[in-house]
Amino acid sequence: MELIGQTTGELEQIVREMGHPAYRGRQLAEWIYKRAARSTEEMINLPEALRAQIRERFTHPLTNAVEALRSDDGAVKYLVELCDGNRVESVYLPYEDRTSVCISTEVGCAMNCAFCATGIGGLTRNLSAGEMVDQVLLAQADQKQRISHVVYMGMGEPLANYTQTVKSLRLLTGELGISARHLTLSTVGLAPAIRQLADEGLPITLAVSIHAPDDALRAQIMPIARTHSMDELLDACRYWIEKTHRKITFEYLLLENVNDSPEQARDLARRLKSLLANVNIIPYNFVEGRGDFHRPKRQRIDAFKRELEQQQINVTERMRRGNTINAACGQLRHESEKGRKISA
Ligand code: SAH
């Protein structure tokens, strides 16, 4: 059974069943979530009998870093092994005013976006809430630093693994004490799940991968667009804004000669205008074996941004971090899977 992933209440119940007072459950929660203890040995204020029972009944921790690639700018990419041997990746990103971890929600992904590395092998399995949270705890333990922000932008589609993802969000806000506003979930655009999430009462930051100004192009590069049209998606986004009073960030991956013309910028602005949206431009990171996509030249990226700004859209560009370790967004796929070694 998984220890990480249990709420404090559930841990209280578990220790009671093992014949200990409930407050031991709270102490246990503190060790796991606040102090990121990686073994029962560290839990010095718990009686040895309880620690032995925990070791016997529970798997702890749930993740183990088999590789940590450290970039010049402080970013660290972890190759994370799960208990069944499957591997995902997470990235630690230090900034001046915060520390952020980018986590995976699935082993692989079923969405099969034409440009994305993760989708190449399809979906292997969903992660549990504990496995998601443990990526944060692993980074925290390795960095010896409290993590202030978490972004769900690693491998997988978080809303395709809805129940576990929401449970992990609640653990991060509750047990780890991270402000919901410091949690960002990025989705391919599963409209019904966006509506459901809006009703959860979790004021997180929602990011939607839009990547195209119209259904035809979107369906070409993102198969999910054939199931949920842009109208349906943007209606769900409107519902999100109504319910949460939170703005949405629309991510727009820029692909040379595919979706990067000034005209497409104007079309996009027209679609998003009434949503008071932020658009986050992500220049494409090349993925081998994923079609003939390229990153536009700087001039073209700037022209696209300018066009959006002229249409009164608030534009940002994704900061490039961890370049030297290939940690960039959408590249979370272990190179050795393709039979090559990561060049650190
Ligand atoms: N499933 C979620 C999270 C995916 S990763 C989603 O679709 O939003 C986060 C972002 O990186 C998404 O916007 C995704 O489309 C983008 N991305 C995928 N491959 C990329 C690449 N090669 N270069 C840049 N961004 C990429």
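Which of the 19 residues around the ligand come nearest? In this predicted model, the residues that come nearest, out of the 19 around the ligand, are Glu-157, Ser-186, Ser-209, His-211 and Asn-285. Sorted by character, the residues of the shell around the ligand divide into nine nonpolar, eight polar and two charged. As for secondary structure, strand β8, which covers residues 183-187, and strand β10, which covers residues 248-254, each supply at least two residues of that shell.

The polar atoms of the ligand can be followed to individual partners in the protein. On the side of Glu-157, an N or O atom of the side chain lies 2.9 Å from a nitrogen atom of the ligand, while His-211 places a polar side-chain atom 2.6 Å from an oxygen atom of the ligand. With Thr-187 the backbone is involved, since a polar backbone atom of this residue is 3.4 Å from an oxygen atom of the ligand. The ligand taken alone exposes 530 Å², and the protein buries 96% of that area.

From the ligand we can turn to the packing of the protein itself. In soluble globular proteins, nonpolar side chains tend to be buried together. Here the largest nonpolar core has 100 residues, and the members with the most contacts inside it are Tyr-33, Leu-197, Phe-250 and Leu-308. Helix α4, spanning residues 129-143, gives the largest share of this core, namely seven residues. Because domain 1 (8-57) and domain 2 (63-343) both give residues to this core, it lies between them.

Helix α4 also holds a charged residue that deserves a closer look, for Asp-134 is found in this helix. Is Asp-134 buried or exposed? With a relative accessibility of 0%, Asp-134 counts as buried, because the cut-off for a buried residue is under 20% relative accessible area. A polar atom of the Asp-134 side chain lies 2.9 Å from the backbone nitrogen of Leu-62, so that this buried side chain has a polar partner in the backbone of Leu-62.

A further polar residue to examine is Asn-278, which is found in strand β11, a strand made up of residues 278-283. Its relative accessible area is 18%, and Asn-278 is therefore classed as buried, given that the limit is under 20%. Which side chain does the side chain of Asn-278 contact? The partner is the side chain of Asn-314, with which the side chain of Asn-278 makes a polar contact at 2.7 Å.

Note on methods. Residues numbered from 1 in each chain as written. Predicted model: local features only at pLDDT ≥ 70, side-chain atom pairs only at ≥ 80, totals over all residues. Heavy atoms only, no water. Near = heavy atom within 4 Å. Polar contact = N/O pair within 3.5 Å; in protein donor to acceptor, adjacent residues only side chain to side chain. Areas by Shrake-Rupley, 256 points an atom, 1.4 Å probe, with all protein chains shown as cover. Helix = DSSP H or I, 4+ residues; strand = E, 2+ residues; numbered from the N terminus. Nonpolar A, V, L, I, M, F, W, Y, C, P; charged D, E, K, R; others polar. Core = buried A, V, L, I, M, F, W, Y, C linked by side-chain atoms within 4.5 Å. Buried < 20%, exposed > 50% of the residue type's maximum accessible area, 1.4 Å probe, protein only. Domains from an automatic or database assignment.
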